[in-house]
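Open the model in a viewer and keep the selection tool at hand. The stops below say what to select and what is found there.

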Amino acid sequence: MLEGLWQLLFRRRRHGQDSGKTQTGPAKEQISSKLQVNYERIKAAFGNSPDLVLRYLEAGDQGKISALVVHIDGLCDKRLVSETVVEHITDINHKWDSPEQAYVDLRDRLLSVSGVSEVNSLGEFITHVASGDCGVLVDGITRGLACDTRAWEHRGVEEPTTESTIRGTKEGFVESLRTNTSLLRRRIRDPRLWIEELKIGRISKTSVAIVYISGVAEDKIVQEVRNRLRKIDVDSIQESGHLEEFIEDAPFSPFPTILRTERPDKVTGALLEGRVALLTDGTPFALIVPATFTMFITTPEDYYERYFIGSAIRLLRIASFFISLTLPSLYVAITTFHQEMLPTPLILSIAAQREGIPFPAVVEAVIMELIFEVLREAGVRLPRLVGPAVSIIGGLVLGEAAMRAGLASPAMVMVVAFTGIASFATPVFSLAIGVRLLRFLLIALAGSLGLFGVVAGMFALLIHQITLRSFGVPYLEPLAPVVFSDLKDALLRAPWWALNTRPKFVGEKEPTRQAPGLRPKPPSREEKEVHHLEGKEGGK
Amino acid sequence: MNKIEGGKIPARQLTAMLALSRIAPFTILFPMITGMEVPQDAWIASLLGMLLSIPFALFVARLGLRFPDKTIIEYSERLLGRYLGKLVGLVLIWYLISVAATTTRAVGDAYTIAIMPETPILVFMVVMVFLAANAARCGLEVVGRLGEHSIWIVLFFLILMFILPFDEMRFKNLAPVLARGFRPVVEPMGTAFSFFSMHIIVLGMILPYLNKPKDAARYSVYAILISGLLMTWLAAVLVAVFGPTVSGLVMPAFSLSRLISIANFLERIEAITMGAWTLSAGINLALFLWASAVGLAQLFGVSRYQPFVYPLGALVVAFGILFYESNVDMQIFFEFRNIGVFSMAVTLGTTAVLYLAALMRGKPSPRMRR
Amino acid sequence: MPVKSMLKIVVLVLLIGITMTGCWNRREIETLGFVMAVGIDQAREGGKIQLTVHVAKPFAVGGGADGKGTMEEKPFWVVSSTGYTVFEAVRNFLSQSPRRLFWGHNRFILIGEEFARKGVQDVLDTFVRDGEPRQRAWVVVAKGARASDLLQAEFELERMPSQAAMGIIQGSRTGLSTIGKSMLIDFIQKLEGEGIDPIATRAEIVPRPQKFDIRGELKREKIGASARITGAAVFKDDKLVGWLNKPETRGFNWVMGKVRSGIIVIKKPGEEDRFIGLEILRAKGGFKPEIKDGRVSVTVRVEAEANVGDIQGFLDPLKSPGVWASMERRMATVIRNEVMAAVAKAQELDSDIFGFGAELNRRNPKKWAELKDRWDEEFPHVDVQVEVKAKLRRSGLVIRSTRIKR
């Protein structure tokens, strides 16, 4: 099964593999032995930007050796630069005879920063400087040193705003990649948590980290992630969503095939299942691949609350997903094609409400949905304090006014409002937004072909979803193809002590995740007696 | 291993697809109950028809297992020679298309008779065939998963129909059993057998694409049992609810769902259950389109089957329109003397000829199989 | 592949959406006239069928948020049309009604007595054949009236007469057991079934005095007539042959095991001018036909439990020991009389409404095959035995009646 699957995957990818270039690095210019030349070149490279700090220093006791310290103001810890770099270079106690000696001494001993790396080309040197390192060049040496003095203003770790839970960690990812990896390291304290970092973007040179647990994650998937990332040849990556579009499997699908989250616990959960996470510098949103459909309707809370509550909430969420997808179209289909389906008093009441409304129900539905979408979008864009006011007042006033003006029936307003609320229950925004678009298609189908249209539309969606794959894993994984061992954590969540195995497609390398038979039981009578005796003896 | 279809499916999906393909015509039309002389024995006809089709499934699987890496089209050419083999292949493909056309027409009729009489039947047929063709083009894996996924939905609605009209069910309607002996049951049983065995011929196409071809026999028997027992029970429920009038109903299961009300909120859910039956018919169609397209590609020695799917789909719609003048026409065709002869001549006839040829040639040596 | 198919789906959806919106079967809900009940009569013109329908006026029912419906307006409209077939008559409504009639919510098929006596098969066909009408509509026969007259009747408490009639039927079925339950689907089945004849529900017009002395405002136009729904109409094949009155209908329901509740009034033991009301709690009924020496005999078994509902005068079962058993005996007698009355009426009309023949067929198909052709002659002579087990379970909150001091 998997072989066929991978075959399919690679057949699709093969033609692209050799064309994938390695990252286009900066110019392969060598570092000149003349410090003056380097100075000019660096200055020119940054175009005289005022935040570039270049400083000649006279090194050692004799002052014959000159050195150049380069860093960017605002990206470095200035105190660190002066205390650990500048101070040591200019220390007159050093007896240096040659630049070579000074350079080696600096590199191996004196620069008291933890991370010092040696670079050979000027381009690389400049890249380091641009990323916040403090660069040191010594006159006459064609190599340079980059000291890790990075420190810049960033947001502290806060509660994730887009995915809040009642129970669970209150930490969310931030814009700094290092902080984010540390959040993961703190949760998985095992050397097998491997992080590979690469820079993407010709100009932006954004750091992207591939995070996985070695020995748990499927090698093929990790390799596939690497391949796809390496092929990206763009000028910049602004956000992980930018990255997502370059590596996703189905770019034309309304369904997202990559999960994004700003919750570290969600990421570690996925890592432990054998998935791969991508962290992008500059955004709190991490990407998780491969993502299956059920992952988009689960929240970490499902796993923290007790299992039947978790299961019930998850079922409710699935129900609201379907409501947000189909309710308006079902309403349109039933009221314009299948009036026999509703009980008589209800149908009479709806008919009375529709009395005098000039549009067909389809048009009414589309208009009301559009109004609702605009309201929601406005609510998101406005300043945080005004946003809710606009949504609430807009919703109330517009809905009421539309009814009074005879443009919409109260039942339709209710349907649309409920649909909107149901769509908020979808935990992942990227899925919810895709569903919003599909809803309009279904309304059109319902308006033309009734329930047959809705069924045809849902059938088409089902076919589409079944053909989808995320990094080789079927999108509807435990549902189609049915994987019985994974159904325990799909529509329902089984208790933790029953979740003994990892998902089939991603966790086959190390399928067992915990010892069997962990179900808690009250101690049996013998055990009790033993404890009792032990207690007595201990008391003696 | 040929390259026309790359995927392999687990036998479980075979069960789902075959079961759905059988459930579809029964839930939409229940072919043999209409016009039955002694309708209260319909369940016996259904049960016997199902039992009869089990040996046939085993037979087709056995034939297929002689060439576990070849479809029925391929080995018929090998067994019967180039021209005769191709002829048999063509007959089989034509048969698959006609069955698909009948299913499509039945669904279209169901919608135009009862739910949306003013909409042209072509709309329903084209939309359905188009969707099924898309699924078929995505390969057997997709169709298999579709089947595996949808069977739960279809089963849910079937069970709903078994439970909800409980108030109307009077199982004493089933008595007297076999009041007029076996004679009136024989022909409906033949019809039931034709419908149960109709889909087994697809097994000849799917078998080489199974993960373990050896499972084919077992899992197709599961499919027969699942669908057969459900349909037997459905026949019993229909008689329990409708009594003697059931033999006058064009779409008994549909009429049954008209009686259902869910908690006084949804009164007549026929349009919804019809949706579920449409789903099963869609998967039936997808499977048949896939099988006939792959068969055609193999017949002509083409390396891809996908280009054949849409033309075949168009053919299915055209046949569906042309075959039957009216739904009465279709019901007449469903009588045993028509469909039984047609279906048995093709399915039993071809497989028997192939099996005899295989016997005469003896078991192929391992080298020949390659 | 997914890309391509996705695009195709989008194109398909757009095509469908653009080309098909606004045609074929789309019927906006406000363009429909919801038929609540239909009456079928013989038209005055020869050979034609007159159809009278009750169409709901949704705006007058008052569903709107701001209560658009006014209480003064009748929430329904009664209109007739004629045609040679029912289907034609239905279409002919289009010349009178601005809204297309929708039959999906029709609850009642009302048949005038005159028409019912001639046979109803011809008119019921379209209700079964067409996709719209409900199969659970009640088949009702208007006793001594035309269906169109009965449809003019109005009820209090409910705005929609069909809703009111449903309420009455539900109440009578569960509280009185004096309704012959007959929905379209049952009726058709009994028409076709061997050894069983259909019944229908009976409805009568109750004229109301024009002068009202009821307190309170009467805003609607004066109610001219109301209707009472009780009893059953007995058919022989598809022709009406007679009626079952209330006790007979309950007798019929006893046999069929359909009695759910009801009041049995017995004479008070020892004080024959006073009565005792017993409330039926639960009842079981059934029958078993047998053939002995070529003669068909049927044993009807009824088991009933009841509570004491009220006692006139004074009675203390503790002081008069035999009285409880005697009440039970009297209860059994009432039940037996009701059953016998129903059987006698059916035999008199020669209509096997109980399905004795059908049951015989189930138990003994061979004998039935011989008997089938002369069942009409046989049925009136079927010997019916009734066995009743009556139990009085509870006395209520007082064990004896209030004793008036002397």
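## Chain C

Select chain C to begin: the chain has 13 helices and 13 strands. The model is a predicted one. Of the 406 residues in chain C, 44% are buried. Take the contacts in chain C whose partners are separated by 6 or more positions: 73% of them are between residues 24 or more positions apart.

Next, colour chain C by domain. Domain 1 covers 27-244 and domain 2 covers 247-406. How far apart do the C-alpha centres of these two domains of chain C lie? They lie 32 Å apart. Where the two domains touch, domain 1 of chain C brings 23 residues and domain 2 of chain C brings 27 residues.

Stay on the side of domain 1 of chain C that touches domain 2 of chain C, and select these elements of chain C in turn:

- α7 (161-176), which supplies at least two residues of that side
- β8 (225-236), which gives the most to that side, with five residues
- β9 (239-244), which also supplies at least two residues

By class, this side of domain 1 of chain C divides into nine nonpolar, nine polar and five charged residues.

## Chain B

Now hide the rest and show chain B. How many helices and how many strands does chain B have? The count is 15 helices and zero strands. Turn the C-alpha trace of chain B along its principal axes, where it spans about 65 × 45 × 35 Å. The radius of gyration of chain B is 20 Å, and a compact globule with 370 residues would have one near 21 Å, so the value for chain B agrees with that of a compact globule.

Of the 370 residues of chain B, 61% count as buried. Among the contacts in chain B between residues at least 6 apart in sequence, 83% join residues at least 24 apart.

## The nonpolar cores

Show all chains again and select B:Leu238, B:Leu289 and C:Leu110. Within the largest nonpolar core, which has 351 residues, these three touch the most other members. Helix α17 (residues 429-467) of chain A contributes the largest share of this core, 20 residues. Another core lies apart from it and has 31 residues, including A:Ala59, A:Ala102, A:Ile141 and A:Cys147.

Zoom in on B:Leu289. Which residues is B:Leu289 in contact with, leaving aside its neighbours within four places in sequence? They are B:Ala100, B:Ala132, B:Ala133, B:Ala136, B:Val309, B:Leu312 and B:Gly313.

## Where chain B meets chain A

Show chains A and B together. Chain B puts 30 residues into the contact, and chain A puts in 27 residues. On the chain B side, select α5 (121-137), α6 (140-163) and α11 (270-300), the elements of chain B that give two or more residues to the side touching chain A. Coloured by class, that side of chain B has 16 nonpolar, nine polar and five charged residues.

## Chain A by domain

Move on to chain A alone. Its domain assignment gives domain 1 (35-147), domain 2 (177-291) and domain 3 (306-473). Between the C-alpha centres of domain 2 of chain A and domain 3 of chain A the distance is 33 Å. Their contact takes 16 residues from domain 2 of chain A and 14 residues from domain 3 of chain A.

On the side of domain 2 of chain A that touches domain 3 of chain A, select α7 (219-231) and β8 (259-261) of chain A, the elements that give two or more residues to it. The largest share of that side, three residues, comes from α7(A). By class, the side of domain 2 of chain A has 11 nonpolar, two polar and three charged residues.

## A strand in chain A

For the last stop, select strand β2 (residues 65-72) of chain A. Why is strand β2 of chain A described as largely enclosed by the rest of the structure? Seven of its eight residues are buried, and therefore the strand is largely enclosed in this way.

Add strand β1 (residues 52-59) of chain A, which pairs with β2(A) in the antiparallel sense over eight bridges. To find one facing pair, pick A:Glu58, which stands opposite A:Ser66 in β2(A).

Then add strand β4 (residues 134-138) of chain A. β4(A) and β2(A) run antiparallel and are joined by four bridges. Here A:Val70 has A:Gly135 in β4(A) as its bridge partner.

Conventions:
Residues are numbered from 1 along each chain as its sequence is written. Chains are lettered from A and ligands numbered from 1 in the order in which they are written. This is a predicted model: local features need pLDDT of at least 70, side-chain atom pairs count only at pLDDT 80 or more; totals for chains, interfaces and linings use all residues. A residue is buried if 20 or more other C-beta atoms lie within 10 Å of its own, exposed if 12 or fewer, and partly exposed in between; C-beta atoms are placed from the backbone. Two strands pair if DSSP finds at least two bridges between them. Two residues are in contact if their C-beta atoms, placed from the backbone, lie within 7 Å. A nonpolar core is a set of buried Ala, Val, Leu, Ile, Met, Phe, Trp, Tyr and Cys residues joined through C-beta atoms within 7 Å. Ala, Val, Leu, Ile, Met, Phe, Trp, Tyr, Cys and Pro count as nonpolar, Asp, Glu, Lys and Arg as charged, and the others, Gly among them, as polar. Domain bounds come from an automatic or database domain assignment. The radius of gyration is taken over C-alpha atoms; the globule rule is 2.2 Å times the number of residues to the power 0.38.
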